[in-house]
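Take a look at the chain below. This report walks through its parts, one group at a time.

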Amino acid sequence: DPGADASLCGMAATGASGTNAVRYGTMRPNVLNLRVVLPDGRLLHTAGPGRQPRKRAAGYDLTSLFVGSEGTLGFLTQATLRLHPLPEATAVTVASFPSVRAAVACTVQVLQAAVPVARIGECLWPDVGLGFQAPVLELNTASSHPEFLDEVMADACGRFSGMGLPVAATLLLELHGSRHSLAEQQQQMVEITQQNGGSSLAWAEGLEEREQLWSMRHNAWYAALALRPGCQVRHKDGDDGGSAHGAVSATALPSLAQGYSTDVCVPISRLPDVVVETKQDLQASGLTGPMVGHVGDGNFHCILIFNSQDPEEAQRIHAFTQRLGRRALAAGGTCTGEHGVGLGKRSLLQEELGQEGLDTLRSIKAALDPHNLMNPGKVL
């Protein structure tokens, strides 16, 4: 489920994932082979030329080494990927909850009950056009990923898309499977949602309704930018963002207000506490930072909107992201589940892996790129 400007090799290089990762996995298990141009110009096929076995035990796993390497070990020029069949039936629903903790707790219980959701997402937003107003939970019977939006993000997405969603903790749920299994999974979802104080569920099975819901979620970045006065958003038809028409192709214009997106990933059992603590930290810091996440695997994001010309606010953003990363590490998680280390999380990487782990990464980098030609300064 890539973003509009994603490339396959770019997603492999960053170890990317998205809303379908709960059921179908991240890029790492879905890449069978890579063609890589090494720093010295040699061409490497990480699983051997022309090979695409579903599993292998021959030598070191070079494919996994390059997935997530962030361009520091070589150029990825071709990827052989695993394909998944389309499900017979798909259904999407939204559910509102009395609190962020209740919405995240519902996600945890869904996963612990082994409901095969395809997507679960959480947010706080207004009515999605299914006949009720509620926070949204999205699941797939052969599920891919729970998707979460806090009330700020839900409200922003609702207003940006013109759907008028209620401002509340919301989960987006999508189910995949056969007609028979879908009915069974829907009943399980109703029971777990009610146990956590969630709203009644109305299911959308038509393609148009399902795409409308996901389009709203996919425009979360632009919806977040629109929260900050002075941050202009232009739609494909050239208007100033005052209407929802053309929102699918929205792009942000340069302005003093900028967006900074960061993410962490924690064990599912720790997710409710970490999300609530992060929400409290955002409020105490006085930052505009709606939260959204593929909570089905413990991953969530904060989209921080700030004035790029205000050094004090920029420093608060930096301090918050460091606290967020360390909060995830203290919970047994990682400082980044999707976005990668880049420049901003190098210190957190050392705290996460320890000196021995970092030294091992540096040895691999030195062996493959002794002249430090590939993306110098990134990750290490």
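## Overview

Helices here are DSSP runs of H or I with at least four residues, and they are numbered from the N terminus. Keep that numbering in mind, for it is used throughout the report. The model is predicted.

The protein chain has 12 helices and 13 strands. It holds 380 residues, and 51% of them count as buried. Contacts often span long stretches of sequence. Take the contacts between residues at least 6 apart in sequence: 76% of them join residues at least 24 apart.

## Arginine 327 in helix 11

Arginine 327 sits in helix 11, which covers residues 311-330. Is arginine 327 buried or exposed? Its relative accessible area is 15%. Buried means under 20%, so arginine 327 counts as buried.

What does arginine 327 touch, beyond residues up to four places away in sequence? The list is Val274, Glu277, Thr278 and Asp281.

## Strand 4, covered on both faces

Strand 4 runs over residues 89-97, and 9 of its 9 residues are buried. Look at the two faces in turn. One side carries Ala89, Ala91, Thr93, Ala95 and Phe97. The other carries Thr90, Val92, Val94 and Ser96. Both faces are covered.

Which strands pair with strand 4? One partner is strand 7, residues 169-177, and the two pair in the antiparallel sense over 9 bridges. Within this pairing, valine 92 has glutamate 174 as its bridge partner. Another partner is strand 8, residues 203-204. That pairing is also antiparallel, over 2 bridges. Here threonine 93 stands opposite tryptophan 203.

## A three-stranded sheet

Another group of strands forms an open sheet. It has 3 strands in the order 2-1-3, with antiparallel pairing. Strand 2 (43-45) and strand 3 are the edge strands, and each pairs on one side only. Neighbouring strands of this sheet are turned by 15° against each other on average, direction ignored.

Strand 1 covers residues 31-37. It runs antiparallel to strand 2, and 3 bridges join the two. In this pairing, arginine 35 stands opposite histidine 45 of strand 2.

## Leucine 73, in a loop

Leucine 73 lies in the loop between helix 4 (62-66) and strand 3 (75-81). Its relative accessibility is 6%. The cut-off for buried is under 20%, so leucine 73 counts as buried.

Leave aside its neighbours within four places in sequence. Leucine 73 is then in contact with Leu38, Pro39, Leu65, Phe66, Ile364, Lys365, Leu368 and Met374. Proline 39 is 34 residues from leucine 73 in sequence, yet the C-alpha atoms of the two are 7.1 Å apart.

## Threonine 14, partly exposed

Threonine 14 belongs to helix 1, residues 8-14. Its relative accessible area is 35%. That value falls between the 20% limit for buried and the 50% limit for exposed, so threonine 14 is partly exposed.

The side chain of threonine 14 reaches the backbone oxygen of glycine 10 at 3.0 Å. Outside its neighbours within four places in sequence, threonine 14 is in contact with Gly68 and Glu338. Valine 341 lies 327 residues away along the chain, and its C-alpha atom is 9.2 Å from that of threonine 14.

## The nonpolar cores

The largest nonpolar core has 39 residues. Which of them touch the most other members? They are Phe97, Phe148, Met189, Val275, Phe300 and Cys302. Several elements give two or more residues to this core, among them strand 4, helix 7 (179-195), helix 10 (271-285), strand 13 (299-307) and helix 11. The largest share, 6 residues, comes from helix 5. The core draws at least three residues from each of domain 2 (89-125 + 145-227) and domain 3 (257-352).

Phenylalanine 300 has a long list of contacts beyond its neighbours within four places in sequence, including Val264, Leu271, Val274, Val275, Thr278 and Leu324. There is also a second, separate core. It has 19 residues, including Met153, Phe160, Leu172 and Leu225.

Note on methods:
Residues are numbered from 1 along each chain as its sequence is written. This is a predicted model: local features need pLDDT of at least 70, side-chain atom pairs count only at pLDDT 80 or more; totals for chains, interfaces and linings use all residues. Side-chain values use heavy atoms; hydrogens and water are left out. Buried means under 20% relative accessible area, exposed over 50%, partly exposed in between (1.4 Å probe, protein chains only). Two strands pair if DSSP finds at least two bridges between them. Contact means heavy atoms within 4.5 Å. A polar contact is a pair of N or O atoms within 3.5 Å; within protein, one must be able to donate a hydrogen and the other to accept it, and residues adjacent in sequence count only if both atoms are side-chain atoms. Axes are lines fitted to C-alpha atoms, for helices over the stretch in contact, and angles run from 0 to 180 degrees between N-to-C directions. A nonpolar core is a set of buried Ala, Val, Leu, Ile, Met, Phe, Trp, Tyr and Cys residues joined through side-chain atoms within 4.5 Å. Domain bounds come from an automatic or database domain assignment.
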